[in-house]
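Thanks for asking me to look this one over. Here are my notes, in the form of a short numbered list you can follow with the viewer open.

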Amino acid sequence: PDPASVTLSSFSLHGQRIRELAAGNRPAGSHEVLWDGHDNEGRMVASGIYFYRLDIGERVVARKLTLLR
């Protein structure tokens, strides 16, 4: 409901950060981020199970995602 500082990252099953997908201040409202399946160096990652972590101010949400090619 309020503007907040946001960080969204994807992680491997081993907890290694794959890619930072979004960072910075965002206005209130809904937002969409698409991950193209590449890591921070631009290499394509394999299909499989990954996690994403969304930090919104003091709140943290982590969920599982499946990347299919």
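The points below go from the sheet to single residues and then to the core.

1. A reminder to begin with: this is a predicted model. Please read every value below in that light.

2. The sheet is a good place to start. Four strands make an open sheet, ordered E2-E1-E3-E4, with antiparallel pairing. E2 and E4 are the edge strands, each pairing on one side only. On average, neighbouring strands in this sheet are turned by 15° against each other, with direction ignored.

3. Next, the pairing of E1 with E3. Strand E1 covers residues 4-11 and strand E3 covers residues 48-56; the two run antiparallel and are joined by six bridges. If you want a residue pair to click on, Val 6 stands opposite Ile 56 in E3.

4. On its other pairing, E3 meets strand E4 (residues 59-67), again in the antiparallel sense, over nine bridges. Here Gly 48 stands opposite Leu 67 in E4. E3 and E4 form a hairpin with two residues between them. One backbone angle in that turn deserves a glance: Gly 57 has a positive phi of about 60°.

5. Three residues of E1 are worth comparing, and Thr 7 is one of them. Is Thr 7 buried or partly exposed? Its relative accessible area is 24%, so Thr 7 counts as partly exposed, given that buried means under 20%. Leaving out residues up to four places away in sequence, Thr 7 touches Glu 20, Ala 22, Ala 23, Arg 53, Leu 54 and Asp 55. The C-alpha atoms of Thr 7 and Ala 46 are separated by 23 Å, with their positions 39 residues apart along the chain.

6. Leu 8 is also found in E1. With a relative accessible area of 14%, Leu 8 is buried. Its contacts beyond four places in sequence include Arg 19, Leu 21, Val 33, Tyr 52 and Leu 54. Leu 8 and Leu 34 are 26 residues apart along the chain, and their C-alpha atoms are separated by 11 Å.

7. Ser 10 has its place in E1 too. How much relative accessible area does Ser 10 have? The value is 0%, so Ser 10 is buried. Setting aside neighbours within four places in sequence, Ser 10 is in contact with Gln 16, Arg 17, Ile 18, Arg 19, Leu 21, Trp 35, Phe 51 and Tyr 52.

8. Now for the core. Which residues make up the largest nonpolar core? There are five: Ile 18, Trp 35, Val 45, Tyr 50 and Leu 67. In soluble globular proteins, nonpolar side chains tend to be buried together. Ile 18 touches Trp 35, Val 45 and Tyr 50, among others. Polar residues also appear on the contact list of Ile 18, including Ser 10, Ser 12, Asp 39 and Asn 40.

9. Finally, the aromatic rings. The structure holds one aromatic pair. Trp 35 and Tyr 50 form this pair, which is edge-to-face, at 5.5 Å centre to centre and 85° between the planes. The pair links distant parts of the chain: Trp 35 sits in the loop between strand E2 (17-26) and E3, while Tyr 50 is in strand E3, 15 residues apart. Both Trp 35 and Tyr 50 are buried, and both belong to the largest nonpolar core.

How values were computed
Residues are numbered from 1 along each chain as its sequence is written. This is a predicted model: local features need pLDDT of at least 70, side-chain atom pairs count only at pLDDT 80 or more; totals for chains, interfaces and linings use all residues. Side-chain values use heavy atoms; hydrogens and water are left out. A nonpolar core is a set of buried Ala, Val, Leu, Ile, Met, Phe, Trp, Tyr and Cys residues joined through side-chain atoms within 4.5 Å. Buried means under 20% relative accessible area, exposed over 50%, partly exposed in between (1.4 Å probe, protein chains only). Contact means heavy atoms within 4.5 Å. Two strands pair if DSSP finds at least two bridges between them. Rings of Phe, Tyr and Trp (its six-membered ring) pair if their centres lie within 6.5 Å; planes under 30 degrees apart count as stacked, over 60 as edge-to-face and the rest as tilted. Axes are lines fitted to C-alpha atoms, for helices over the stretch in contact, and angles run from 0 to 180 degrees between N-to-C directions.
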